[in-house]
Structure formats: structure tokens, C-alpha cells
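This report covers surface, pocket and backbone features of one protein chain. The sequence and the structure come first, and the notes follow.

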Amino acid sequence: IRVVIKQVNKNSKGSQVILSRTSEMFVKRLFEKEVPEIQQGIVEIRAIAREAGERTKIAVYSKNDDVDPIGACIGPHGSRIQSVIVELKNEKIDVFEWNDDVGELIKNSLAPAEVKACFYANEKTDPELTEEIIEEYAKRNKRPLVVVVDDDKLSVAIGKKGKNAKLAVKLTNRKIDIKTQSEIDEMNIDVDQAVLEFKADQARIIKEKEMKEFQAIQEEALRRRAEFDAEIANADSA
């Protein structure tokens, strides 16, 4: 029986090992075993959301532009993902591409529903969102979002028993309010302007993240250079 070790507890009576087949980590380990590109570090699993026994959503990313992360996980004729599905007793698995732009990530995660627009929720879409609450969410880059779909696609976006929407929320770690085009029209919201503002803010967030990563790389390079110079100095003095 394949399992992952979820936790080990030690006490005076001995050790307790907790095993799991329902955790997200179990699915991740199965894909690592089946997909060579993941083992080699070319493809990464960036996020997983799971309702064990029913459905799993996986966001994957490739470090190599020549390697399709989705194709790598699915495998020739679906052989790789099929092996995982069989191990999970026919649990449904959605594999899609990771995107640092949370709007694009949500669009991918809500498939097979087609998202028409994605933007920040406001007092019109949610009366409970005061300026103070919005500001607090903004500090953590976790502002709630509104996703717009066609009226006849709402059930697809939400999914059976709300599973599709629930998994998208879990995977993106965002509060998502799915609304139909008719509902948005009744609220008299300028969707185009809301989307533009959202995309501009996402571009800012991504740029800040890239700058932080670049600075971290520079600092690490300087640290290693300092260590190397110190080793050379010690060797010369010896």
C-alpha cells in the first residue's frame, strides 16, 4: 500500500507514525515518481488543492521553455497521469499551468469554465468590504476577487457540490466570488476599467517579487564571494 508519512510523534511509550493517502503531498509524491522532468527539477508542482476521492487540481511550471509542464505530467498517450489516477482509485485530476498573475491562475484553475473577467472585489460586489478591510487585504496581496462568467456557465464554474470553485479558492489562497454577467450588469460596474486596474496592480506585484528575488540572488553571491575571499586570506596567512 502506497502512503506518505504525514507525522511522527515520539513519547515515553514509543513512536506514533501517522500515514496518509488523502493529503496533497501524496499526490505530489506520485507525480514525482511518474514524471522524470519533476525528478530532474525541470518541472515544478507549484500548488495542489485536493478533495480526496473526488478531484485534485495541480498547477505546474516549467523552468525550460522547450518543456511543456502539462504534457510532461500527462505523459505519452496519458500514461503518466493515468498511473496516478489508478493509484487514487479514479480520482479526477486537473493539471494546468502556473502563472504568477493571480488572475490568469484563477482562470486556469476554474477550467473547464471559461472566465470572461477577473478583478478586485469592491463595495459594489460585496457590501461588507469597507475601505479599511480592503486596505488590510492589500497589505498582504490577498484582496478578494470577482470572477465573471456567462449566465449559462455558472454551474460549470461552481462545479458539482461547489467543488470546482472550492478547489480554486484553496489552490490560489484567495477569496473568490463567482458572478454571472447579468449580475455584474445590474451592479453597473465598469468591468473594463476594473480589469485594467487589476492587471496593473498584478504587474506591480510581479515586478516587486522579481526585484526581491534578484536582490536575494545578489546578496547570496556577495556572501559566497566574502566566504571565498576569507578562505583565500586564511590560506595565504597559513
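Helices here are DSSP runs of H or I with at least four residues, strands are runs of E with at least two, and both are numbered from the N terminus. The model is predicted.

**Backbone**

With those element names, K89 can be placed in the loop between helix 4 (79–87) and strand 5 (92–97). N90 has its place in the loop between helix 4 and strand 5 as well. Most residues other than glycine have a negative phi, and most peptide bonds are trans. In K89, phi is positive, near 60°, and in N90 phi is positive too, near 70°. Residues count as exposed when their relative accessible area is over 50%. K89 is exposed because its relative accessible area is 65%. N90, with a relative accessible area of 60%, is therefore exposed.

Which residues are joined by a cis peptide bond? The bond lies between A111 and P112, and its omega is about 15°. P112 belongs to the loop between helix 5 and strand 6 (117–120).

**Nonpolar surface patch**

I1, V3, I5, V8, V17 and L19 make a nonpolar surface patch of about 630 Å². Two elements, strand 1 (4–11) and strand 2 (14–20), give two or more residues to this patch. V8 is part of strand 1. The partly exposed class runs between 20% and 50% relative accessible area, so V8, at 44%, counts as partly exposed.

The relative accessible areas quoted in this report are set out below.

| Residue | Relative accessible area | Class |
|---|---|---|
| V8 | 44% | partly exposed |
| K89 | 65% | exposed |
| N90 | 60% | exposed |

**Largest pocket**

What is the volume of the largest pocket? The value is about 340 Å³. Its lining has 15 residues, and the closest to the centre of the pocket are D100, V102, R174, I205 and K209. Helix 5 (102–109), helix 8 (163–172) and helix 10 (191–237) are the elements that give two or more residues to the lining. Helix 10 provides the largest share of the lining, 4 residues. Sorted by class, the lining of the largest pocket holds 6 nonpolar, 4 polar and 5 charged residues.

Helix 5 thus appears in two of these descriptions: it contributes to the lining of the largest pocket, and the loop that holds P112 runs between helix 5 and strand 6.

Key. Residues are numbered from 1 along each chain as its sequence is written. This is a predicted model: local features need pLDDT of at least 70, side-chain atom pairs count only at pLDDT 80 or more; totals for chains, interfaces and linings use all residues. Side-chain values use heavy atoms; hydrogens and water are left out. Patches are made of residues with over 30% relative accessible area and no salt bridge: like charges are joined within 9 Å, nonpolar side chains (Val, Leu, Ile, Met, Phe, Trp, Tyr) within 5 Å. Accessible areas come from the Shrake-Rupley method with a 1.4 Å probe; for residues, only the protein chains shown count as cover. A salt bridge is a side-chain nitrogen of Lys or Arg within 4 Å of a carboxyl oxygen of Asp or Glu. Buried means under 20% relative accessible area, exposed over 50%, partly exposed in between (1.4 Å probe, protein chains only). On a 1 Å grid over the protein atoms alone, a cavity is a set of points where a 1.4 Å probe fits but cannot get out, and a pocket is an open set with protein on both sides within 12 Å along at least five of seven lines; lining residues have an atom within 4 Å of a point. Grid points are joined across faces, edges and corners, and a volume is the space filled by probe spheres set on the points. Ala, Val, Leu, Ile, Met, Phe, Trp, Tyr, Cys and Pro count as nonpolar, Asp, Glu, Lys and Arg as charged, and the others, Gly among them, as polar.
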